[in-house]
Each structure stands twice: as structure tokens, then as C-alpha cells.
Amino acid sequence: MKKHPLARLDQRHLWHPFTQMRDWLKGEPLVIERGKGALLWDARGREYIDANSSIWTNLHGHNHPSINAAIRTQLTKVAHTSALGLANEPAAQLGQALVKLANPRTGLAKRQPRLAKVFYSDDGSTAVEVALKLAYEFARRTGRARKPRFLSLDGAYHGDTVGAVSAGHIDLFHKAYSGMLFKTDKVMSPYCYRCPFNKAKPERGDARDSRNCQFECIDKVEQRFASRKQRGSNYAAMLLEPGLQGPAGMIAQPEGWLRRVAEIARGHGAQLIADEVMTGLGRAANRFFASHDEGVQPDYLCLAKGLTGGYLPMAATLTTQEVFDAFLGDYAEFKTFFHGHSYTGNQLGSAASLASIGLLKTAAPHRKKLAANLRAEARRLWCLPQVGDIRQAGCVLAVELVRDWRTREPFALAEQAGIRVCDGLAKRGVLTRPVGNVIVVMPPFCTTQRQVKKIFAALHDAIDETLTQNR
Ligand SMILES: Cc1ncc(COP(=O)(O)O)c(C=O)c1O
């Protein structure tokens, strides 16, 4: 069959992110033409379930009437004006909505900060970059550190801008740029399935449930802070993804880990930066934010991906009045936060975000149902020997593929086990992208039980065909 003209056009002119373009140019890429709810259709009329919510962005489904209407209404007024020197209606209203959403009246531990101010940017990377810069300057201005340094988790990915990459610890993505980066430290993440301290034997269940350890991973965090202190210094902030470390391989944290780690960081005078770019806004949490599931309020809350419901690139970094005040002064003191982007506070993005947050407030039953359906349907995968771990946080479920569940032996990255399984899924009408050997199932909240069944039936068959039969 001749390649679709749009596929040819793409291949002639475009360069895709995180993609080996030689492979891309070999086949015919799917050209997505339209969507509705959890479904997408390509230019050849084939139907797919969007099982990773278009790289973890879409919350309520594609082509949602409320978000469409909000954008249309805003379009009749103005699409964009600059936030440098000008205010606008939807951005101001969104600020109010975000501050309200991020400060629940109940359920937080004692003495947690209040998030009072919203700084807009464009994507997850810039939301994190803003938090890092603010924390850096805050530590210097308040005399907490002369040369502020950050601690983050092993395997972390927080985006592709230089600060976010500096705080990231995935060699495959980050090593090439090491000469451009500033130094940060890392500490082990609570990866129960592959934890050297977990004495539990492999089980057919989430490794967190059979965990047999003394939470040594938390001791490691304590030791990191203590050794920094011994050198007469302290971390300005600890940056982490609460609840679920997504791009690291969907590493779901055991209950209690975040609460204790936050106490340790704060006990050492460090601030907490929560990268909830993926986890936030109800995605990987029972509450709206994964931090709050553990009663923790960060000093910086980074949001992007689902902020606009998955419609437009927009991000927000929320922080406290105390941080905000450290940047106040007479003009000539030059305490201004010198950072910003052309599209900061964009009206269309803000209008979409307001509509999305409105939907989120009544989405709890959908989220609960989806989480339950994911849990129930994933059980059918345990019969496959290449399924090592299945872990879930809220509406995100991850399946770690291994050579044999009894040994937990991983596939070498070059074998592309995850990529091949996802190709098999696409053939069966289900779209997602793996994180290495981990298959991510994260469809929009509106995904029906039938669609969830179809996702897992396809995943079962794709794993069976790709890894079992072709052994
Ligand atoms: C946890 C986390 N932080 C930051 C980012 C970067 O976001 P963006 O791709 O929007 O820059 C990502 C992207 O996958 C992410 O998952």
C-alpha cells in the first residue's frame, strides 16, 4: 500500500521528539485525524483507544464539549496577550481556582505551607525550571545557602530544559549533556520491585504489597541529608514526583514513604518541590494531588500536562507567600524574578484549564470507576510469565515486562521489548508508549469498562505474541 500523503509529508519535513528517526522513516507513521472521548481515529479511518492520554496530558477525553466551548468563547474575545505588563481575565480566574484546589481544608499534616501564588509557564520542563530557580534564589536571599544545591531521586526525569535535566538522573537521556549541566545529588527511589533491601521473593502481585524491608530507602534519604550537613551545608530543596515516579518507570511509592521523606527534608531546613506534572490534577492520586494523599504540601507545586485537560501547552508553578515576598523590593534592588515566556498566562490555555478544573470537581466517580476497572482487568495479565510487576496509583497502571517473573531478569533496552509490545497493541487498536520495559496504561477518566477490557485483552495478546510465542 502506498504511504498516506500526510505520512509522507511528515517524514519529509519533521523531526520527532525522543524518536530514532531512522526507524520512523522506515514505516508509515499513524496520522491522527480526530478524537472523541477516549478514542482517536487516524487518517485511514482506523479507530484506537488512547491508552496513554496522548503522553499523559488528556484528562477528560478528546473533543470535550465543555472545554471546546470554553476555548470557543475565549476565541471570540482574544486569543493571547502578554503577561509582561498586562493582566487578563481567564489567567487571573485560573490563579484563584488553582490556589483553591491546591489548599484543601482537611487532610494535610500539621504545619504544612499554604500555596498562595501562581507563576505560569508553558510545559512541564519550564514549570520545574521555575521552581528550581525560585528555590535557588530563595535559599540565597534568606541566607540558607550561598551555593544552593538540590537533591532528587535516582532515575528521575523532570523535563528537558537545562535545570530540569540537571536534576534528572536518566543516563540515556541526560549523559550527553553533562557538560552543560550543574551538579545535583541523587538518592535511591523506593522501587520496591527492584529494591536491593526488599527480601520478599517475586510474587504475582504489586511488589509493594509483599515488601519485606525496614524502609531502608528512607534511611538513605536521612543519610544523604546528614552527610550534606556534615560538610557544613544543606540542600536548598528536594525535588521529587510524589506518589509515582513516572518517566523513571512508573515507580509507585509505598504508603508512608513521601510523608516521612518530606519530614526529613524539612527537618533539615530544605524546601520541597513537588513535580506533579504527571501525577497531579487527579491522575495518580485519590485526591487532586498525589502530595496530598500523604498529607504533604510542598513549597513548590509544578503542574502542566493535564492542566488544560490536554488541550494546550500551559504550566503553573505554585508557591508560598514567603517565597513571593523574597522577591519584593524597590525596583533598583533588582529582586525581580527575571524569568518568563512569551505565552505566559495565555488566555486560551487559561480558559481551557478553568473548564478542565470545573470538570475535575465532578470527576471523582469516573476516576474511581476507572481505577477499579484498571485494577480488575489487569489481573488477567498475571498468567503471562513476562509480566513481573503490576503497579497502580490512581488512574495510572504500569506493567513491568521481564524475561521471567521468577527471576525478575530485565530485557536489555536494545531488545525494545516495550516498544515491540506497544507496536502489537497499536495493531490491535490501542495506543500507548512504553517507558523502557514498562507498559503504561493511563487512559482518560471517561474511558469505559468495555474500553478498559479491550485495552487489557489487547495487552495480553500483544505480550503473548511478542514475548512468549517468539521466545
Ligand atoms: C514528571 C514529569 N516532569 C516533567 C516533565 C516534562 O514535561 P514537558 O514534556 O511538558 O516539558 C514530564 C514529561 O513527561 C514528566 O513526566
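## Close-up views of a predicted model

**View 1. Cys-422 stands apart from the other cysteines.** The closest cysteine sulfur to that of Cys-422 belongs to Cys-383, and at 18 Å it is too far for a bond. The whole model is a prediction, so to speak up front about its limits: local features need pLDDT of at least 70, side-chain atom pairs count only at pLDDT 80 or more, and totals for chains, interfaces and linings use all residues. Residues are numbered from 1 along each chain as its sequence is written, and side-chain values use heavy atoms, with hydrogens and water left out. Cys-422 is also buried, at a relative accessible area of 6%. Here buried means under 20% relative accessible area, exposed means over 50%, and partly exposed is in between (1.4 Å probe, protein chains only).

**View 2. Cys-192 is in no disulfide either.** A disulfide is a covalent bond between the sulfur atoms of two cysteines; the cut-off used here is a pair of cysteine sulfur atoms within 2.5 Å. By that count, the structure holds 0 disulfides. For Cys-192, the nearest cysteine sulfur is that of Cys-213, 6.3 Å away. Cys-192 counts as buried, with 8% relative accessibility.

**View 3. Cys-192 and Cys-213 also turn up in the lining of the largest cavity.** A cavity is found on a 1 Å grid over the protein atoms alone, as a set of points where a 1.4 Å probe fits but cannot get out; a pocket is an open set with protein on both sides within 12 Å along at least five of seven lines, and lining residues have an atom within 4 Å of a point. Grid points are joined across faces, edges and corners, and a volume is the space filled by probe spheres set on the points. There are 4 cavities of 30 Å³ or more in the structure, and the largest holds about 70 Å³ of space. Its lining has 14 residues, with Cys-192, Cys-195, Arg-211, Cys-213 and Cys-217 nearest the centre. Sorted by class, that lining has 10 nonpolar, 2 polar and 2 charged residues. For the classes, Ala, Val, Leu, Ile, Met, Phe, Trp, Tyr, Cys and Pro are nonpolar, Asp, Glu, Lys and Arg are charged, and the others, Gly among them, are polar.

**View 4. The second largest pocket sits between two domains.** Domain 1 (31-59 + 363-468) and domain 2 (73-361) both contribute to its lining, so the pocket lies between them. The domain bounds come from an automatic or database domain assignment. The volume of this pocket is about 800 Å³. Of its 30 lining residues, Arg-208, Arg-375, Gln-392, Ala-393 and Gly-394 lie nearest the centre. Helix 14 (364-378), helix 11 (290-293) and strand 13 (387-393) each put in at least two residues, and helix 14 gives the largest share, with 6 residues. Helices (H or I, at least four residues) and strands (E, at least two) are DSSP runs numbered from the N terminus. By class, the lining of this pocket has 13 nonpolar, 6 polar and 11 charged residues.

**View 5. Strand 12 is largely enclosed by the rest of the structure.** That description fits because 6 of the 6 residues of strand 12 (residues 315-320) are buried. Two strands pair if DSSP finds at least two bridges between them. Strand 12 pairs with strand 4 (residues 115-121) in the antiparallel sense over 6 bridges, where Lys-117 stands opposite Thr-319. Strand 11 (residues 300-303) also pairs with strand 12 in the antiparallel sense, over 4 bridges, and here Leu-301 stands opposite Leu-318. Tyr-300 belongs to strand 11 and is buried, at 0% relative accessible area. Its C-alpha atom is 6.0 Å from that of Ala-274, although the two residues are 26 apart along the chain.

**View 6. An open sheet has 4 strands, in the order 1-2-3-15.** The pairing is mixed, and the edge strands, which pair on one side only, are strand 1 (32-36) and strand 15 (430-431). Strand 15 runs parallel to strand 3 (residues 47-50), with 2 bridges between them. In that pairing, Asp-50 has Leu-431 as its bridge partner.

**View 7. Phe-18 has a positive phi.** Most residues other than glycine have a negative phi. The phi of Phe-18 is near 45°. Phe-18 lies in the loop between helix 1 (5-13) and helix 2 (21-26) and is partly exposed, at 47% relative accessible area.
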